[in-house]
Amino acid sequence: MIAGYRRFREGHWAEAKAEYEALAAEGQKPHTLVVACSDSRADPALIFDAAPGQLFVVRNVANLVPPYEPDGHLHGVSAALEFGVMVLGVSRIVVMGHAHCGGVSAMRSGAPDSVQDFVAPWIAQGTPVVRRVAEAVEPDEVEQASEEAIVRLSLDNLRTFPWIAEREAAGTLVLSGLHFGIADGILRALNGPGPFEALD
């Protein structure tokens with residue numbers, strides 16, 4: 001990691017020094033909030049070739065958005081959504097799932113015994129949806145179909161946040177769903193109520 005940091009300082013940071021200085025002085029103004037999985041193989045900044053300051057990224061196990069629940073408890077994803085929408089004023093929220101997602105796999109088969117404190121209850125919110133989908137498709141389609149179902153679930157849950165639903169209805173905020181293929185590098189977009197389709 002230190003070697004990578006040194007490459008960053010000598011290469012990327014040196015080339016983008018003025019851009020970083022401007023971001024430090026003027027603050028961030030990202031146009032898009034991305035909810036993505038924590039999986040190390042699916043980094044939104046790399047996939048979208050994004051410059052610093054363009055994306056406000058929220059990553060968690062299985063790119064899940066929980067429903068709106070302002071109960072005074074600790075809600076990291078919801079806090080990030082509130083900040084991105086209400087403070088930064090993003091104009092788009094993208095939920096990006098990916099192939100071979102371990103979190104979605106655990107929704108199908110159960111979380112390992114070693115991660116019962118936090119992972120098990122976290123992924124439980126997607127388990128009913130994944131199991132319904134698994135019963136409705138062919139066995140060789142289950143993995144991708146369940147990953148896509150979690151993207152749809154997160155989009156549905158985003159619309160339970162009143163300040164997201166209001167902005168979407170007004171046309172000032174767009175919600176999008178994506179699925180990234182790790183092995184083939186193909187990004188597929190959700191087409192309304194229809195299937196995910198590969199982007200050119």
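This report walks through the overall build of one predicted chain and then a handful of its residues.

## Ground rules

The model is predicted, so local features need pLDDT of at least 70 and side-chain atom pairs count only at pLDDT 80 or more, while totals for chains, interfaces and linings use all residues. Residue numbers start from 1 along each chain as its sequence is written, and side-chain values use heavy atoms, with hydrogens and water left out.

## Overall build

The chain holds 10 helices and 6 strands; these are DSSP runs (H or I over at least four residues for helices, E over at least two for strands), numbered from the N terminus. With a radius of gyration of 18 Å, close to the 16 Å that the globule rule gives for 200 residues, the chain is as compact as a globular protein of that length. That radius is taken over C-alpha atoms, and the rule is 2.2 Å times the number of residues to the power 0.38. If you lay the C-alpha trace along its principal axes, it spans about 55 × 40 × 40 Å.

An assignment splits the chain into domain 1 (1-26) and domain 2 (31-198), with bounds that come from an automatic or database domain assignment. Taken over C-alpha atoms, the centres of domain 1 and domain 2 are 29 Å apart.

## Surface, contacts and charge

Of the 200 residues, 38% count as buried. Here buried means under 20% relative accessible area, exposed means over 50%, and partly exposed is in between (1.4 Å probe, protein chains only). The accessible surface of the chain adds up to about 11200 Å², and 55% of that belongs to carbon and sulfur atoms. Those areas come from the Shrake-Rupley method with a 1.4 Å probe, and for residues only the protein chains shown count as cover.

Among contacts in the chain with a separation of 6 or more, 66% link residues 24 or more positions apart; a contact means heavy atoms within 4.5 Å. As for charge, there are 15 positive and 26 negative side chains, and the centres of the two sets lie 5 Å apart. Lys and Arg count as positive and Asp and Glu as negative, with His and the chain ends not counted. Each charge is placed at NZ of Lys, CZ of Arg, CG of Asp or CD of Glu.

## Around F161 and S78

F161 sits in the loop between α9 and α10 (162-170), and at 1% relative accessibility it counts as buried. Leaving out residues up to four places away in sequence, F161 touches V65, P66, P67, Y68, S78 and L81. The C-alpha atoms of F161 and E82 are separated by 9.0 Å, although the two residues are 79 apart along the chain.

From the other side, S78 belongs to helix α5 and is buried too, at 13% relative accessibility. With residues up to four places away in sequence not counted, S78 touches P66, F161 and W163.

## Helix α9 and the β3 to α6 loop

Two glutamates of helix α9 are worth a look: E148, with the helix running over residues 142-158, and E143. E148 is buried, at 12% relative accessibility, whereas E143 is partly exposed, at 34%. Apart from neighbours within four places in sequence, E148 is in contact with H179, R188 and F196, and E143 with H100 and R108. E143 and R131 are 12 residues apart in sequence, and 11 Å apart C-alpha to C-alpha.

H100 lies in the loop between β3 (92-98) and α6 (102-109), and so does A99. A99 is buried, at 13% relative accessibility, while H100 is partly exposed, at 41%. Leaving aside neighbours within four places in sequence, A99 is in contact with R41, E147, H179, F180, G181 and I182. A99 and F180 are 81 residues apart in sequence, yet 6.2 Å apart in space, C-alpha to C-alpha.

## Two positive phi angles

H100 also has a backbone angle to check: its phi is near 60 degrees, a positive value in a residue other than glycine. N63 has a positive phi as well, about 45 degrees, although it is not a glycine. N63 lies in the loop between β2 (55-60) and α5 (76-87), and it is buried, with a relative accessible area of 2%.
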